[in-house]
Amino acid sequence: MTVLTKPIKGAIKFVDDIVDSFRKGKEKNVYLEGNYAPVSDEVFQESCIVLEGKVPEDISGSFVRNGPNPKYEPKGLYHWFDGDGMVHRVQIKEGKMNYANHQTRTKKLACDAIHRQSQMINIGDMVGRLGILKILLQSTRQFLGDRTISNIEKDGSVANTSLLYHNDKLLALVESSYPTELKLLPNGRVETVGVNDFEGRLRQPFTAHPKVDPVTKELMFFGYRLFRSDNQPFVEYGVLSSDGKTLKTVDIGVDRAIMMHDFAITENYSCFFDLPLIFSPNNLVSGGGAFVFKPKERARIGVLPRHGISTEMKWFDVLPCAVFHTANAYEEQDENQNRIVVIQACRLPKVELFDLVDAETEDEGTFYEWRLNLETGKVSEGELCQIFGEFPILNPKFLGRKHRYVWLAKFYKQDRSVPRFEGISKVDCIDGKVVSEVIYGNRKYGGECGFIAKSDPKSEDDGYICGFVHDESDQTTEFWVLDALDMTIQCKVRLSRRVPYGFHGIWINEDTNLTRSKL
């Protein structure tokens with residue numbers, strides 16, 4: 001029963017506003033400035049201007065990238081991960097490009113619209129003693145039935161992190177909640193459909209990094225909880241059939257509240273990172289953040305048969321680290337015919353979630369490999385390539401299978417005031433070397449790119465690399481297309497509006513049911 005009377009609601013809001021006024025301070029937030037700052041409108045640009053080269057005629061489809069774009073001014077503290085989701089779409093067809101952006105219409109955004117201000121507690125709020133009070137105030141409002149606060153887990157939250165295409169549906173994702181379905185219109189625009197819980201079968205938060213097997217078309221995913229009731233698992237793993245009809249979930253046996261951002265799959269297994277980036281509310285008392293990297297705590301990788309049960313999980317102890325993004329995993333046999341699971345990812349020796357830049361200052365991350373022997377339980381691990389990069393991508397047809405090439409966004413190390421990526425590097429995972437690299441140029445930065453396979457490829461890397469490149473000298477954004485074989489620039493196209501730095505994107509071919517759907 002709702003017991004939130006107007007006086008109680010007013011009192012809670014009064015205290016909440018006072019807390020925010022104490023915390024916000026006068027310092028500028030770097031994630032609300034420059035090209036991290038949000039854009040306020042939605043635009044559609046037809047026939048974008050080609051600045052250099054020529055748009056390849058054999059490309060037909062759309063690159064869609066997700067990222068944070070706060071619709072309203074943040075009420076309290078703000079972290080890069082907090083902004084409302086906005087997708088940016090570049091449609092390529094017959095040698096021409098169209099551009100459109102779309103603010104995803106989540107239920108959270110609808111709740112904020114009532115007050116013209118963000119109402120949900122942010123990751124940025126979960127710092128210091130006043131952060132404890134913020135959490136308690138939010139929980140009290142929800143417990144007392146305040147309908148202006150969305151159900152974070154079920155309502156799509158900010159939907160700002162990544163995108164998934166499965167069973168002819170495009171989903172915007174954030175790991176705290178259910179997916180939000182989008183629709184790509186044939187005219188190049190984007191619309192929001194609404195929350196998608198797989199016809200009521202989804203019962204837990206949904207990772208921002210699910211995996212679709214390129215052969216079976218099954219969807220593998222997981223979800224983690226920071227708070228649990230009725231003995232709910234901290235982490236659940238699930239498999240959704242190719243037709244979206246059958247969903248199976250299993251408790252993978254994680255016994256603590258951690259941030260598990262990504263995982264990996266092979267042809268027969270799913271692999272999970274139980275690493276010591278731990279949810280520790282007690283740390284707020286000493287002035288720190290709610291997530292703490294604890295290098296003395298347990299670090300392990302779990303390997304579970306794709307359709308296995310909890311008792312079939314095998315855990316392998318590894319060196320303490322943090323992993324946000326995996327590149328790929330696959331199976332092979334050693335000289336003794338032992339089954340080996342190989343996992344490659346961007347590895348950080350430590351991380352400070354509430355100061356992403358400072359955590360990278362002393363110990364840079366590397367592109368890393370773990371080799372897990374399923375017969376003996378032994379682990380072999382080490383640096384695969386000495387490159388400080390993130391957002392790894394590969395030809396998606398090789399997901400879960402042995403591959404050779406990975407492309408990484410290369411960090412700009414000369415100025416660490418905010419994370420920036422100065423180029424894209426192509427890594428040969430057999431030789432462990434950077435075989436080719438493109439640096440965007442003076443004050444030009446990018447992010448995660450997409451891989452476009454050619455219709456009749458002659459090799460794994462026979463395709464194109466595409467992505468947004470922003471010029472901070474004049475605050476303009478371009479869309480670049482590179483030849484994935486030799487990394488030569490095929491074209492640079494000027495967009496009519498600035499595209500803020502964001503997170504993950506996806507390439508969708510024009511011949512899918514998704515883009516053929518009628519208006």
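Strands here are DSSP runs of E of at least two residues, numbered from the N terminus. With that in place: this is a predicted model, and I will start at one serine.

S270 sits in strand β15, residues 269-274. S270 counts as buried because its relative accessible area is 0%, and the cut-off is under 20%. Its side chain makes a polar contact of 2.9 Å with the side chain of Y237. Leaving aside neighbours within four places in sequence, S270 is in contact with M220, Y237, F263, A264, I265, G302, V303, L304 and R306.

Y237 leads on to the core. The largest nonpolar core has 46 residues, and the ones that touch the most other members are V235, Y237, I252, M260 and F272. Which elements give two or more residues to this core? They are β11 (219-224), β12 (235-240), β14 (263-265), β16 (277-279), β17 (291-293), β20 (322-333) and β25 (405-411). As for V235, its contacts beyond four places in sequence are F222, G223, Y224, V250, D251, I252, V254 and M260. There is also a second, separate core of 20 residues, with I301, C321, Y368 and L372 among its members.

Next, a buried acid. E448 lies in the loop between β28 (444-445) and β29 (450-453). E448 is buried yet has no salt bridge, and the nearest side chain of opposite charge, that of R65, is 8.0 Å away. What does the side chain of E448 reach instead? One polar contact, at 2.7 Å, is with the side chain of H504. Another, at 2.9 Å, is with the backbone nitrogen of G505. Not counting residues up to four places away in sequence, E448 touches F63, F391, I393, F503, H504 and G505.

Now the cysteines. A search of the whole structure finds zero disulfides. For C48, the nearest cysteine sulfur is that of C491, 10 Å away. C48 counts as buried, at 8% relative accessibility. C449 is buried as well, at 6%. Why is C449 not bonded to C466? The closest cysteine sulfur to that of C449 is in C466, at 7.0 Å, so the pair is too far apart for a bond.

On to charge pairs. The whole structure has 29 salt bridges, and I will take three.

R298 pairs with D255, with the closest N and O atoms 2.9 Å apart. The two are 43 residues apart in the chain: R298 is in the loop between β17 and β18 (300-305), and D255 is in the loop between β13 (247-251) and β14. R298 is partly exposed at 29% relative accessibility, whereas D255 is exposed at 51%.

R339 and E375 meet in a salt bridge of 2.8 Å, N to O. R339 belongs to strand β21 (residues 339-348), and E375 to the loop between β22 (366-373) and β23 (379-385), 36 residues apart. R339 is partly exposed at 33%, and E375 is partly exposed at 41%.

The third is E472 with R420, at 3.2 Å between the closest N and O atoms. E472 is in the loop between β30 (463-471) and β31 (476-483), R420 is in the loop between β25 and β26 (421-428), and 52 residues separate them. Are these partners buried or exposed? E472 is buried, at 12% relative accessibility. R420 is buried too, with a relative accessible area of 12%.

Finally, salt bridges that share partners join D255, R256, D274, R298 and R300 into one network.

Notes:
Residues numbered from 1 in each chain as written. Predicted model: local features only at pLDDT ≥ 70, side-chain atom pairs only at ≥ 80, totals over all residues. Heavy atoms only, no water. Helix = DSSP H or I, 4+ residues; strand = E, 2+ residues; numbered from the N terminus. Buried < 20%, exposed > 50% of the residue type's maximum accessible area, 1.4 Å probe, protein only. Polar contact = N/O pair within 3.5 Å; in protein donor to acceptor, adjacent residues only side chain to side chain. Contact = heavy atoms within 4.5 Å. Lys, Arg positive; Asp, Glu negative; His and termini not counted. Salt bridge = Lys/Arg side-chain N within 4 Å of Asp/Glu carboxyl O. Core = buried A, V, L, I, M, F, W, Y, C linked by side-chain atoms within 4.5 Å. Disulfide = S-S within 2.5 Å.
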